[in-house]
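Here is a friendly walk through one protein fold, meant to be read with the model open beside the text. Please turn the structure as you go.

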Amino acid sequence: MRKNSRKNARLNEEVMHELSVIIRDEIKDPRIHPITSVTLVEVAPDLKTCKAYISVLGDEKEQRETIAGLNSAAGYARKCLASSLNLRNTPEIRFILDQSIEYGVRMSAKIDEVREKEGRGT
């Protein structure tokens, strides 16, 4: 299976959806922030590993705690994923913090600030 094949893309979407449900409904770790979302999932073509990019709406401490909580519950998430998806191999999940949304919000705020200063200056 090629990395960019349609089958792999569909599998990535399905795993992303299931992980979102598992994080929201199944994992009860208090370290996990309530506003946590899965932004991207990359399943390896051999179905052995999976990188799940997680976005957390909160400060740096909450982001670190959420990733730590998710990594400690990775085995349980894998078990839930195995029961919900019918795969030959259930991938080992690695959670990675994704700060792209936060970066976009900061850049948008800076652009708005510059526009406001230009509007006052002219």
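The report below takes up confidence, the sheet, the helices, the core and one exposed residue.

**Confidence.** This is a predicted model, so a word on reliability comes before the details. The mean pLDDT of the protein is 90, and 95% of its residues reach 70 or more. Strand 3 has the highest confidence, with a mean of 95, while helix 4 (residues 100-121) has the lowest, with a mean of 86. As a general caution, predicted coordinates should not be read in detail where pLDDT is low.

**The sheet.** Three strands form an open sheet in the order 1-2-3, with mixed pairing. Strand 1 and strand 3 are the edge strands, each with a single partner, so one side of each has no neighbour in the sheet. From one strand to the next, the twist averages 25°. The two pairings can be set side by side:

| Strand pair | Bridges | Direction |
|---|---|---|
| Strand 1 and strand 2 | Seven bridges | Antiparallel |
| Strand 2 and strand 3 | Six bridges | Parallel |

Some individual positions help to place the register. V38 has I54 in strand 2 as its bridge partner. On the parallel side, T49 is bridged to E92 in strand 3, and Y53 stands opposite I96 in strand 3. The hairpin of strand 1 and strand 2 has five residues between the strands, and L47 there adopts a positive phi near 65°. Strand 2 has six buried residues out of eight, so the rest of the structure largely encloses it.

**Helices on the sheet.** Which strands does helix 1 touch as it packs on the sheet? Helix 1 touches strand 1, strand 2 and strand 3, and its direction makes about 150° with that of strand 1. Helix 2 also packs on the sheet and touches strand 1, strand 2 and strand 3. The direction of helix 2 makes about 180° with that of strand 3.

Helix 3 shows a clear division between its sides. A74, A77, C80 and L81 are buried in helix 3. These four cover an arc of only 120° around the axis, which puts them on the same side of helix 3. The spacing fits a general rule: an α-helix has 3.6 residues a turn, so residues three or four places apart point the same way. On the other side of helix 3, G75, K79 and S83 are exposed. The cover over the buried residues of helix 3 includes helix 1, helix 2 and strand 3.

**The core.** The largest nonpolar core has 26 residues, and the members that touch the most others are V15, L19, I23, I27, V41, I54 and F95. Helix 1 (6-26), strand 1 (36-43), strand 2 (49-56), helix 2 (60-72), helix 3 (74-84) and strand 3 (92-97) each contribute at least two residues to this core. Which element gives the most to the core? Helix 1 does, with six residues.

V15 is a good residue to select in the viewer. Beyond its neighbours within four places in sequence, V15 is in contact with V41, V43, C50, L81 and L85.

**An exposed residue.** R6 also lies in helix 1. Is R6 buried or exposed? R6 has a relative accessible area of 72%, and exposed means over 50%, so R6 counts as exposed. R6 and L97 are 91 residues apart along the chain, and their C-alpha atoms are separated by 26 Å.

Notes
Residues numbered from 1 in each chain as written. Predicted model: local features only at pLDDT ≥ 70, side-chain atom pairs only at ≥ 80, totals over all residues. Heavy atoms only, no water. Core = buried A, V, L, I, M, F, W, Y, C linked by side-chain atoms within 4.5 Å. Buried < 20%, exposed > 50% of the residue type's maximum accessible area, 1.4 Å probe, protein only. Contact = heavy atoms within 4.5 Å. Arc of directions from axis to C-beta. Pairing = 2+ DSSP bridges. Axes fitted to C-alpha atoms, helices over the stretch in contact; angles between N-to-C directions. pLDDT = per-residue confidence, 0-100.
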